[in-house]
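Hi,

Here is the structure I said I would pass on to you. Have a look at it first, and then read on for what turned up.

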Amino acid sequence: MTFATKIDKDKVQALLLAIENDQGDEAAQLVDELTKIRETELHEQLKQLTRNLHQTLDDLGEDTPILLHAKHDLPDIAERLQYVVDETNNASNNTLNSAENALGLLEQLETLSSDEDLSQEQVKPVLEKINHELTNIMLAQSFQDLTGQVLNRVILIMTALEDSLKDLIARSKHEYESIPERVENELDQKAQEEKGMGPNVTQKSKLDTVESQADVDDLLDDLGI
Amino acid sequence: MQINRDMNILVVDDFSTMRRIVKNLLKELGFSKFDEADDGATAWPMVQSGKYDFIVSDWNMPQMTGIDLLRRVRADENLKNTPFLLITAEAKRSQILEAAQAGVDGYIVKPFTAATLNEKIQKIFARVAERQ
């Protein structure tokens, strides 16, 4: 039932009359009475919604995957992804430190080699240091194993969560396939592009992107850049 | 063509590792004078000082984007001829055209190679030399 059908037409007419006749107190009281009906109606609807939600959750049962995901898996995901952010950052910094050190050592070696009386004793320690830095760079790559495991775990959780949500949609008698496609309006799309959206990794976001630097060069060549 | 290796370069990127990578590659190419900024918003007052002969910037940054920084540079009478190179993960054709329209001198998509950076710099400064 809609609000409109609940509104007392006589009262509305009385209100209009009171306004026309400048009867302020009478009008105020009628407005109060009219909105009260509406408030009660809203309250009833909210109560009904809450009851439905309770019923749905009760029907699901405590060990339903979606509830377990909500309590146990979702809070972990941000933590797991933060670990990936931190580890990749550390690995990148460690690699850059060692690469910069190695470049410095090579310069040292270059300077040394301009000296004709260069001895094995002078070269050896520098070579050892370069060796050490290269080993460091290699070890820093172990982040790939660790973050790879964490990311695979996150993919598993997200896939399971997606299945549970689909299941919930089915249980609530909604047709998953009939959920409409998201329509991106052109202005939003433009605003997003303007802001920058990072690497285009999904199939959908790859639409209309260049595949290589050569594509970029071709595009700009045509414009004389 | 001889490029002035003593020029002042501003490297703008919100990721410190990417700034380090770009700086190291530029060093390999013989450049030695760099400053860094972690956002377009921090870069802009630095650029306004007029110190820089070359700006290398990311696109996607939290406060002010690289494309906005580029537009500000081009709109400023004293700065508008500063060579500007975008190094970015943004790869939509429409974005590249947008950057061209804003007056970018070079556009490199991440991930990139040292050879690509070298090639773009050569091209940019060959054109600068032609203009003069």
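The largest pocket has 22 residues in its lining, and those nearest its centre are A:Gly198, A:Pro199, B:Phe15, B:Ala89 and B:Lys110. Keep in mind that this is a predicted model. The volume of the largest pocket comes to about 840 Å³. Two elements, α4 of chain A and α1 (16–28) of chain B, each give at least two residues to the lining of this pocket. With four residues, α4(A) has the largest share of that lining. Sorted by class, the lining of the largest pocket holds ten nonpolar, seven polar and five charged residues.

Next comes the second largest pocket, at about 320 Å³. Its lining is made of 14 residues, and A:Glu184, A:Gln189, A:Lys204, A:Ser205 and B:Lys92 are the ones nearest the centre. Here the classes come out as four nonpolar, six polar and four charged.

Now for the enclosed spaces. Rolling a probe the size of a water molecule over the atoms shows where empty space is left. How many cavities of 30 Å³ or more are there? The count is two.

The largest cavity holds about 90 Å³ of space. From chain A, its lining takes A:Asp217, A:Leu220, A:Asp221 and A:Ile225. From chain B come B:Asp105, B:Gly106, B:Tyr107, B:Lys120, B:Lys123, B:Ile124 and B:Arg127. In terms of elements, α8 (213–221) of chain A, along with β5 (106–109) and α5 (114–131) of chain B, give two or more residues to this lining. The largest share belongs to α5(B), with four residues. Six residues of the lining of the largest cavity are charged, four are nonpolar and one is polar.

The second largest cavity has about 40 Å³. Its lining consists of B:Val11, B:Val12, B:Asp13, B:Val22, B:Val56, B:Ser57, B:Asp58 and B:Ile87. At least two of these residues come from each of β1 (8–12) and β3 (54–57) of chain B. Five residues of this lining are nonpolar, one is polar and two are charged.

I also went through one helix, α5 of chain A. At 1.5 Å a residue, its 21 residues (120–140) should span 30 Å, and this agrees with the 30 Å between its end C-alpha atoms. Which residues of α5(A) are buried? They are A:Val123, A:Val126, A:Ile130, A:Glu133 and A:Ala140. Looking down the axis of α5(A), you find these buried residues within an arc of 110 degrees, so they line one face of the helix. Among what covers them are α4 (65–113) and α6 (143–171) of chain A.

The face of α5(A) that is turned away from the buried side has the exposed residues A:Gln120, A:Glu121, A:Glu128, A:Asn131, A:Met138 and A:Leu139. Take A:Glu121, which sits in helix α5 of chain A. Its relative accessible area is 62%, and exposed means over 50%, so A:Glu121 counts as exposed. A:Glu121 and A:Asp76 are 45 residues apart along the chain, and 54 Å separates their C-alpha atoms.

Over to you now!

Key
Residues are numbered from 1 along each chain as its sequence is written. Chains are lettered from A and ligands numbered from 1 in the order in which they are written. This is a predicted model: local features need pLDDT of at least 70, side-chain atom pairs count only at pLDDT 80 or more; totals for chains, interfaces and linings use all residues. Side-chain values use heavy atoms; hydrogens and water are left out. The expected span of a helix is 1.5 Å times one less than its number of residues. Buried means under 20% relative accessible area, exposed over 50%, partly exposed in between (1.4 Å probe, protein chains only). The arc is that of the directions from the helix axis to the C-beta atoms. Contact means heavy atoms within 4.5 Å. On a 1 Å grid over the protein atoms alone, a cavity is a set of points where a 1.4 Å probe fits but cannot get out, and a pocket is an open set with protein on both sides within 12 Å along at least five of seven lines; lining residues have an atom within 4 Å of a point. Grid points are joined across faces, edges and corners, and a volume is the space filled by probe spheres set on the points. Ala, Val, Leu, Ile, Met, Phe, Trp, Tyr, Cys and Pro count as nonpolar, Asp, Glu, Lys and Arg as charged, and the others, Gly among them, as polar.
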